[in-house]
Amino acid sequence: NNSNSANTKTTNAKNNNRKNDIPPQFQEKKEDVIVQSKVVEGGNWNIDSPLEWTTTFGRRSKEYDARVKEIATNNTAGVDYVGKTKVPAVTVVDTVEGARRVMKLLMKCPPEMFHACDTEVMDIDLKKVGPVGNGIVTCISVYSGPDMDYGEGPGTVLWVDNLDGAYGVLQEFKEFLESPQHQKVWHNYGFDRHVLWNEGIDVQGFGGDTMHMARLYDTSRLTTAGGYSLEALTDTLLKRRKTPMKEIFG
């Protein structure tokens, strides 16, 4: 009993010493903490659903969203550029019917298949602002490997238009983009994920980010090999030239 009593005293002494080592401002206080948070008029906190604000956090403002369709469909020339464009080995989807046909193929893809994805964005000046609440997704491209056939033969690329008469077609791919079972690889994933978040699409199924993978592979590329852009990586690692989107579609 004397031994147990001595051990208890020793333990209590050690705990007291530890408490003395903690700065006063971080020590536990005995007085009750009173929560004084309250709903602010015009704010975005709902006391009945305190996390509701997170469902739209970082998206475009309501005012911006109200202008999005006008901006995305502002084809003053009245010309359907994409619909008249035929690119070898590229399946262009610019209608709801075409999107639903391709979606059936995508959703049947096995979980071990990787899909290389990329977006293009307009109405954003990246020298001044980032993708948080800015920009409109004009298109998305997907490559699912040499065996995937979107309609133009195996190994072709899927290109989804989201401008002019095709505005809104992107939403038909929401289920695929939000599917955790379909692995998607991006280049600068943070940017693509957020511009799609602006469109109400919560991207899931992260399969990799080639920009960050390249940084892990060679941390000196920024000063010795042209950086981490897709153009630079394709040139030095694959010994091929990546054709820019502007060169393909004008």
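Which are the buried residues of helix 8 (residues 230-237)? They are Ala232, Leu233 and Thr234, and the first legend after the overview returns to them.

**Overview. The chain in this predicted model comprises 9 helices and 6 strands.** Of its 250 residues, 30% count as buried. The surface exposed by the chain amounts to about 16700 Å², of which carbon and sulfur atoms supply 53%. Among contacts with a separation of 6 or more, 58% are made by residues 24 or more positions apart.

**View 1. Helix 8 packs against helix 6 and helix 7 through its buried residues.** Helix 8 spans residues 230-237, and Ala232, Leu233 and Thr234 are its buried residues. These buried residues rest against helix 6 and against helix 7, the latter covering residues 221-224. After helix 8 comes Lys239, whose phi is positive, near 55°.

**View 2. An open sheet is formed by 6 strands with mixed pairing.** The order of the strands is 1-4-3-2-5-6. Strand 1 (90-93) and strand 6 (206-209) stand at the edges; each has a single partner strand, so one side of each lacks a neighbour in the sheet. From one strand to the next, the twist averages 25°. As a general point, strands of a sheet pair through backbone hydrogen bonds, in either the parallel or the antiparallel sense.

**View 3. Strand 2 pairs with strand 3 in the antiparallel sense.** The pairing of strand 2 with strand 3 (residues 136-143) is made by 7 bridges. One of the residues that can be located here is Glu120, whose bridge partner in strand 3 is Cys139. Strand 2 itself covers residues 114-122 and also pairs with strand 5 (residues 183-186), in the parallel sense and over 3 bridges.

**View 4. Ala116 lies in strand 2 and stands opposite Val185 in strand 5.** Leaving aside residues up to four places away in sequence, Ala116 touches Ser141, Val142, Tyr143 and Val185. The C-alpha atoms of Ala116 and Gly145 are 8.4 Å apart, while the two residues are separated by 29 residues in sequence. Ala116 has a relative accessible area of 36%; because this value falls between the limits of 20% for buried and 50% for exposed, Ala116 is classed as partly exposed.

**View 5. Strand 5 and strand 6 pair in the parallel sense, over 3 bridges.** Lys184 has Phe206 as its bridge partner in strand 6. Helix 6 (residues 210-217) packs on the sheet, where it touches strand 5 and strand 6. The direction of helix 6 makes about 50° with that of strand 6.

**View 6. Helix 5 lies across strand 2, strand 3, strand 5 and strand 6.** Helix 5 consists of residues 189-198 and runs at about 65° to strand 2.

**View 7. A nonpolar patch of about 630 Å² lies on the surface.** The patch is made by Val39, Trp45, Ile47, Leu51, Trp53 and Phe57. Of these, Phe57 is found in the loop between helix 1 (2-21) and helix 2 (62-72). Phe57 is classed as exposed because its relative accessible area, 57%, is over the limit of 50%.

Methods. Residues numbered from 1 in each chain as written. Predicted model: local features only at pLDDT ≥ 70, side-chain atom pairs only at ≥ 80, totals over all residues. Heavy atoms only, no water. Pairing = 2+ DSSP bridges. Helix = DSSP H or I, 4+ residues; strand = E, 2+ residues; numbered from the N terminus. Buried < 20%, exposed > 50% of the residue type's maximum accessible area, 1.4 Å probe, protein only. Contact = heavy atoms within 4.5 Å. Patch = residues over 30% accessible without salt bridge, like charges linked within 9 Å, V, L, I, M, F, W, Y side chains within 5 Å. Areas by Shrake-Rupley, 256 points an atom, 1.4 Å probe, with all protein chains shown as cover. Salt bridge = Lys/Arg side-chain N within 4 Å of Asp/Glu carboxyl O. Axes fitted to C-alpha atoms, helices over the stretch in contact; angles between N-to-C directions.
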